[in-house]
Amino acid sequence: MSDRISAPKGVPEYLPPDSATFLAVHEALAAPAILAGYGYVELPVFEDTNLFVRGVGESTDVVSKEMYTFTDRGNRSLTLRPEGTAGVMRSVIEHGLDRGQLPVKLWYRGQFFRAERPQHGRYRQLQQFGIEAIGSDDPALDAEVITIADDGYKSLGLTGYRLELTSLGCAEDRPAYRDLLVGFLAGLDLDDATRERAQLNPLRVLDDKRPEVQAQLADAPLMLDHLCEACAEHFAAVRSLLDANEVTYVINKRMVRGLDYYTRTTFEFVHDGLGAQGGIGGGGRYDGLMAQLGGQELSGIGFGLGIDRTFLACRAEGLTPGPTRSLDVYVVPLGEARTRAALLVTELRRAGIRTDLSFGSRGLKGAMKGADRSGAPYTIVIGERDLEAGECQLKAMDSGEQVAVPLDEVAAHVAHLISTSSISGTGSVSGTSSTTDDKKELP
Ligand code: HAM
C-alpha cells in the first residue's frame, strides 16, 4: 500500500452525497446573477504571470507568496489563476466587449489556486462563483452586485453571516490619506519588515494581526474618515440603495482586502461558524484596473464568493441544499428479463425519471439490498412471469406496498407518482399487497 497516491495537500474533494450539496450551493449563488442579466464567461485557468503582477499587485501576499507559477515549454512564465477579476478584465479588453453595451455584466465560476497554509476552510485549490460589472460608476450597480451576493446566501437559508462594508476612496483622495497613514505609521514602534511594508503598502499594516501592532493602531487614520466629496456621496448613495433593498450591513472602517485593485465601495461577507476563515465572499470596485491592464478608463465592480466556504457555512448551520436523493427508481431484473429491463431503464430516463439498474447477476435478495442502499423511493422488479404478462412490479420502498403495472405504462405511472409525492420522495403506491405475485389494478 506504500505506493498509494494521495490528493495534493490542501485540495478539497467533494464526493457524493456532499458533491450534490456543493453543486446546489453553486447554483443557488449563480441564480440571482443570471436573473440580473449577467452572461457566463469560461476563462483560462492559467494566464501570463504579468497579468496578476500588474492586476492584483506585486506587494500582495497573493502575488508575492502564493502563486503557482511555472515556465512552459516555450519559456513563458504562466501562473495558475489565484483570482478571477484580472482574467475577466484581460478578456474584456482582448475581445473588445467594452465597445458594446455598458456595463458589461459577466459571471464565472471555477478553481483558483493559492499556495496558502492549508487549514479548515483555507485551501490551495479553492472554488469561487464571481461576477464583474464593467463600465459604470453608478452606485446602483454597487447595490446590485452586493444584493445579488446577499440574495444568493439568503436563498440557501444562511443566517449566520454579516455583510461588512466600507469605501477605500479613489485616485483623488487616496494619496493624501496614504501620506497621513505613512506619517502615522512612522511614529510607531515597528520591526524592520513591517516598516518596509508600511512604505510599500501602508494599508496592509492595518491588517496586521499581531496584538502588539494592533494595540498601536487604535488611533490610526482611517480612509472612510478622509473620503473626498464625490466618494462620500457615492458611498452614501450605495448605503441608501442597500437600505432600500433591505440588505443589512455593518460598516467596517478597518477592512483590508488582500488584493490591491480596490477603490471606493468594498465589502466582505463574514460567517461566524467557520473559525478563522470566516470570509465567505468579498468584492468591491476597481475603478483603475482596466486602464492599468492597458484598456480604456472604465470603472468596474464585482465579487468572488467562496463556494467551498459557503458549503462549510451551510454545513455549520445544518443546511443541505440540493436534492435529498439522486435516484427515483431502481430496476431489478430477474432471469431472462434483463434485456427488457435495460430498455425500461432507458425509457424511464428518457421520461426524465432518475433511474438505476441492478447490474450483475445478483439474486432477488442481493438486488433488493442494492435497491435499499440506492435511496430510490421506488423499485421496479421484472421477473420472467412479469415479462410474459407484459407487466412489472412497482414497489414503494417506504411502505413496502407493491402493485403490478403494465410495462408500457410504467414510465407515465412513475412520473405521476413522483410529481405528486412530497419532496423527500416518499410518495406511496396504491395497493396493500406486498407479494410479488399479487396483481393489482392501477390507481
Ligand atoms: P478574495 O477575497 O481574495 O477576492 O476571494 C473571494 C472569496 O474566495 C473569499 O471571500 C473566500 O470565500 C474565498 N477564498 C479565498 N481564498 C481562499 C482559500 N485559500 N480557500 C478557500 N476559499 C478561499 C477575490 O478573489 C476577488 N477576485 C473578488 C472580486 C471580484 N473582487 C471584485 N471582483
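Biologist: Buried means under 20% relative accessible area, and exposed means over 50%. With that in hand, is Arg-264 buried or exposed?

Modeller: Arg-264 counts as buried, because its relative accessibility is 12%, below the 20% cut-off. Bear in mind that this is a predicted model.

Biologist: Where does Arg-264 lie?

Modeller: In strand S9. Its backbone is worth a look too: Arg-264 isn't a glycine, yet its phi is positive, about 50 degrees. Most residues other than glycine have a negative phi.

Biologist: Which other residue has a positive phi although it is not a glycine?

Modeller: Asn-75, with a phi of about 65 degrees. You'll find Asn-75 in the loop between strand S3 (68-71) and strand S4 (77-80).

Biologist: And is Asn-75 buried or exposed?

Modeller: Exposed, since Asn-75 has 66% relative accessibility and the cut-off for exposed is over 50%.

Biologist: Sticking with the backbone, which residues does a cis peptide bond join?

Modeller: Pro-16 and Pro-17 are joined by one, with omega at about 5 degrees. Pro-17 sits in the segment before helix H1 (18-35). Another cis bond links Leu-102 to Pro-103, and there omega is about -5 degrees. Pro-103 belongs to the loop between helix H4 (85-94) and strand S5 (104-113). As a general point, most peptide bonds are trans.

Biologist: New topic. How many residues are in the largest nonpolar core?

Modeller: That core has 60 residues. The ones with the most contacts inside it are Tyr-38, Phe-129, Ile-131, Ile-146, Phe-267, Phe-269 and Phe-303. Helix H5 (residues 139-155) supplies the largest share of this core, seven residues. There's also a second, separate core of 27 residues, and Leu-106, Leu-259, Tyr-262 and Leu-293 are among them.

Biologist: Now the empty space. How many cavities of 30 Å³ or more are there?

Modeller: Two. The largest cavity has a volume of about 100 Å³, and 14 residues line it. Closest to its centre are Leu-43, Pro-44, Arg-81, Tyr-108 and Phe-112. S5 gives the most to that lining, three residues.

Biologist: How do the residues of that lining divide, by class?

Modeller: The largest cavity is lined by seven nonpolar, two polar and five charged residues.

Biologist: And what volume has the second largest cavity?

Modeller: About 40 Å³. Its lining includes Thr-166, Tyr-177, Met-223 and Lys-253. By class, the second largest cavity is lined by seven nonpolar, two polar and one charged residues.

Biologist: On to pockets. How much space lies in the second largest pocket?

Modeller: About 680 Å³. It's lined by 33 residues, and those closest to its centre are Arg-174, Asp-260, Tyr-261, Tyr-262 and Thr-263. We met Tyr-262 before, in the second core.

Biologist: Which elements give two or more residues to the lining of the second largest pocket?

Modeller: Helix H2 (49-55), helix H6 (174-186), helix H8 (202-205), strand S9 (263-271) and helix H11 (289-292). H6 brings the largest share of that lining, five residues. S9 is also the strand that holds Arg-264.

Biologist: And how many nonpolar, polar and charged residues has the lining of that second largest pocket?

Modeller: There are 17 nonpolar, seven polar and nine charged ones.

How values were computed
Residues numbered from 1 in each chain as written. Predicted model: local features only at pLDDT ≥ 70, side-chain atom pairs only at ≥ 80, totals over all residues. Heavy atoms only, no water. 1 Å grid on protein atoms, 1.4 Å probe; cavity = no way out; pocket = protein on both sides within 12 Å on 5 of 7 lines; lining within 4 Å. Points joined across faces, edges and corners; volume = space filled by probe spheres on them. Helix = DSSP H or I, 4+ residues; strand = E, 2+ residues; numbered from the N terminus. Nonpolar A, V, L, I, M, F, W, Y, C, P; charged D, E, K, R; others polar. Buried < 20%, exposed > 50% of the residue type's maximum accessible area, 1.4 Å probe, protein only. Core = buried A, V, L, I, M, F, W, Y, C linked by side-chain atoms within 4.5 Å.
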